[in-house]
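Trainee: I would like to learn how to read a model of this kind, one feature at a time. Could you take me through it with care?

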Amino acid sequence: MARVEQVLWYLNFLATVALLAQMLRCGLQRTYFWLFLYWSGQAATDLVMFWIPLRTNLYAYCYYGSQFLNLILAVLGIHELFQLALARHPGLSAFGRKGLIAVLCVAAFLALGGLSLDFQVLPGQYWNIHRFLTLSRTVEFVLLMFLLAISAFLIWFPVRLQRNVAVYIAGFVIFYASQSSMFLLQNRLPQA
């Protein structure tokens, strides 16, 4: 791993620990339980991965497993977000839940259609990494579409949000948009 990449990894870990400490200090771990668990999982993964040698099968298996677990926690966190955003509006919540299931089905269909964007494994790429990134990109695209649908729903029915919930939505939208794009670019560009 390049020195700059390693320094960024450590800084990211420290920022995650600082975020967790701030959440604990403010007592937000109870309100944002799944978000707290998501960030705790990120920090725990980093702690374990720091000690595993790069370019080993153990590292790859730990990475794949941790990413799978992080996606599950992200889905639960986004569900928590929807519940928090509409906690004071049970009628909108019931209506939105039905509509968002339809949106998720359409998003899943679009994401599956997007599999053709990077179906071919380019020379120099490992097929298992390529397929893992494609699967991750597909799932994260569905999550991004779900978040955008939640945002559109909340704008259409002007629901007053707590600032933390709005930041939570915006952060996940930016994260999943950049993650999906990055995974697509990693699969489409020739590897160095």
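Mentor: Let us begin with one residue, Val173, whose place is in helix H7 (residues 163-188); helices here are DSSP runs of H or I with at least four residues, strands are runs of E with at least two, and both are numbered from the N terminus. This is a predicted model, in which local features need pLDDT of at least 70 and side-chain atom pairs count only at pLDDT 80 or more, while totals for chains, interfaces and linings use all residues. Residues are numbered from 1 along each chain as its sequence is written, and side-chain values use heavy atoms, with hydrogens and water left out.

Trainee: Is Val173 buried or exposed?

Mentor: Buried means under 20% relative accessible area, exposed means over 50%, and partly exposed lies in between, with a 1.4 Å probe and protein chains only. Val173 counts as buried because its relative accessible area is 18%.

Trainee: Which residues is Val173 in contact with, leaving aside its neighbours within four places in sequence?

Mentor: Contact means heavy atoms within 4.5 Å, and on that basis Val173 is in contact with Leu144, Leu147 and Leu148.

Trainee: How is the packing of two helices described?

Mentor: Two packed helices are described by the angle between their axes and the distance between the axes. The axes are lines fitted to C-alpha atoms, for helices over the stretch in contact, and angles run from 0 to 180 degrees between N-to-C directions. Here helix H1 (residues 3-26) and helix H3 (residues 33-49) pack at about 145 degrees, with their axes 10 Å apart. Among the residues making the contact are Trp9, Phe13 and Met23 of H1 and Leu35, Phe36 and Trp39 of H3.

Trainee: What more can be said of Met23 in helix H1?

Mentor: Met23 is buried, since its relative accessible area is 6%. Not counting residues up to four places away in sequence, Met23 touches Leu28, Gln29, Tyr32, Leu35 and Phe36, and the C-alpha atoms of Met23 and Leu35, 12 residues apart along the chain, are separated by 9.9 Å.

Trainee: Which elements have the lowest and the highest mean pLDDT?

Mentor: pLDDT is the predictor's confidence in each residue, from 0 to 100, and where it is low, the predicted coordinates should not be read in detail. The mean for the chain is 81, and 91% of its residues reach 70 or more. Among the elements, helix H5 (residues 90-113) has the lowest mean pLDDT, 71, and H3 the highest, 92.
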